[in-house]
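This report considers charged side chains, the contact between chains, and one polar residue. Please keep the sequence and the model at hand while reading.

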Amino acid sequence: MSHDNIQDHIKVYRNIFLALLTFTVLTVAISYVHFDLVWVGILVGLLIAGIKGYLVAANFMHLNNEKKMIYWILILTASFLVLLFFMPTLWDNNIAHSETTVLFDDPGGREYLEKSSH
Amino acid sequence: MQIPYNEKLRPDTGLYNAKLGIWLFLASEIMLFGGLFSAYVLLRSSNADFMMHQHYLNVPLATLNTIILITSSVTMVMAWVSLKLNDLKKYKLYMLLTLLCSVGFLIVKFFEYSAKFEHHLYPSTDNFLGTYFTLTGLHGLHIIGGMVVMIYLVGPGVKMWETNKERFTNRVEVIGLYWHFVDLVWIFLFPALYLL
């Protein structure tokens, strides 16, 4: 990296910092907004977190300009991560009715199980 | 025996070895936190009352911690940039600022945890608090791990700057990648546990 190039980088880091602060305020503000559909609120929250995550990964971790090898490692990891997230749905039985979901003494969970077993 | 490709890039990967190493480690970290996030999603989707203790969590303190961690990511990247600019003094300043941020984060976390215990809210209270303490506890351990490496790199480890500038700069880049990852995990933990 040349000297001028680094000065450009510093400017980018400053802008990313301001963007991350703005998105943090936004994500907290939005959590006070009442959405009629709960999943819309969750989706908006995750979307903002995703944008913040992208800004950090692309700029601070330099993933916007990295070697192929790193991208391949991350693609492989991401595919295993997706598999991990959907693993429970691979089983036929409905996990919501399985006793294994109540790991600790969880009154809400027990009540739910009792209701659903009738 | 000299370990190869500490500074020079390996022709086939285009990377120095430590960078490939840290990315492989981060890949395993993605799976570690991913597994716990997956457990969170599973527990939440299978129990309508899973989040009933969420209102006990302190959103202003967590927001403060988010800002602290974002700031520390910037000071960390600036520490690396300072070395690229051949400015060891600034490097030390930015590294110490990063350390200061991480201490601040842990202090805030200490107050948060103490308040929970005072209200008799423990990991064993229910599934939500179990998940909350596991995820934030593991994340907190990562903060402490990063601090140990930072203390070394701003303390005794800084001697390497005299003998091998490039390798030392690479070491700082590697701890930086780790630190940004810890920041990234928090970016998702914060809304998942406190807000949504």
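Is A:Glu66 buried or exposed? A:Glu66 is buried, its relative accessible area being 11%. The structure under discussion is a predicted model, and the sections below place this residue in its surroundings.

## The salt bridge between the chains

A:Glu66 pairs with B:Lys19 in a salt bridge, with 3.1 Å between the closest N and O atoms. The pair joins two chains, because A:Glu66 lies in the loop between α2 (38–60) and α3 (68–86) of chain A, while B:Lys19 belongs to helix α1 (residues 17–45) of chain B. B:Lys19 is buried as well, at a relative accessible area of 10%; the threshold for this class is under 20%.

The pairing extends to a third residue: a network of salt bridges links A:Glu66, B:Lys19 and B:Glu173. In general terms, side chains of opposite charge can pair when their charged atoms come close.

## Salt bridges within chain B

Over all chains, a search of the whole structure finds four salt bridges. One of them connects the side chains of B:Glu112 and B:Lys109, with an N to O distance of 3.3 Å. Both residues are located in helix α3 (residues 88–118) of chain B, where they stand three residues apart, about one turn of the helix. B:Glu112 is buried, with a relative accessible area of 1%, and B:Lys109 is likewise buried, with a value of 6%.

A further salt bridge brings together the side chains of B:Arg10 and B:Asp12, at 2.7 Å from N to O. Here the surroundings are described in other terms: B:Arg10 is partly exposed, at 31% relative accessibility, and B:Asp12 is exposed, with a relative accessible area of 55%.

## The interface between chains A and B

The size of an interface is often given as the accessible area lost when the parts come together. Between chain B and chain A, the buried area is about 4,600 Å², and carbon and sulfur atoms give 80% of it. On the side of chain B that touches chain A, at least two residues are supplied by each of α1, α2 (59–84), α4 (127–154) and α6 (165–195) of chain B. The largest share, 16 residues, comes from α1(B). By residue class, this side of chain B divides into 33 nonpolar, 16 polar and seven charged residues.

In terms of residues, 56 from chain B are in contact with 51 from chain A. The count of salt bridges between chain B and chain A is one. The count of residue pairs in polar contact between these chains, with both residues at pLDDT 80 or more, is also one.

## B:Thr75 and its surroundings

B:Thr75 is part of helix α2 of chain B. This residue counts as buried, at 9% relative accessibility. Which residues does B:Thr75 contact, leaving aside its neighbours within four places in sequence? They are B:Tyr94, B:Leu97 and B:Thr98.

With B:Thr98 there is also a polar contact, made from side chain to side chain at 2.9 Å. As for backbone spacing, the C-alpha atoms of B:Thr75 and B:Leu99 are separated by 9.4 Å, and these two residues are 24 residues apart along the chain.

Methods:
Residues are numbered from 1 along each chain as its sequence is written. Chains are lettered from A and ligands numbered from 1 in the order in which they are written. This is a predicted model: local features need pLDDT of at least 70, side-chain atom pairs count only at pLDDT 80 or more; totals for chains, interfaces and linings use all residues. Side-chain values use heavy atoms; hydrogens and water are left out. Helices (H or I, at least four residues) and strands (E, at least two) are DSSP runs, numbered from the N terminus. Buried means under 20% relative accessible area, exposed over 50%, partly exposed in between (1.4 Å probe, protein chains only). Contact means heavy atoms within 4.5 Å. Buried area is the accessible area (1.4 Å probe) that two parts lose on being put together, summed over both. A polar contact is a pair of N or O atoms within 3.5 Å; within protein, one must be able to donate a hydrogen and the other to accept it, and residues adjacent in sequence count only if both atoms are side-chain atoms. Ala, Val, Leu, Ile, Met, Phe, Trp, Tyr, Cys and Pro count as nonpolar, Asp, Glu, Lys and Arg as charged, and the others, Gly among them, as polar.
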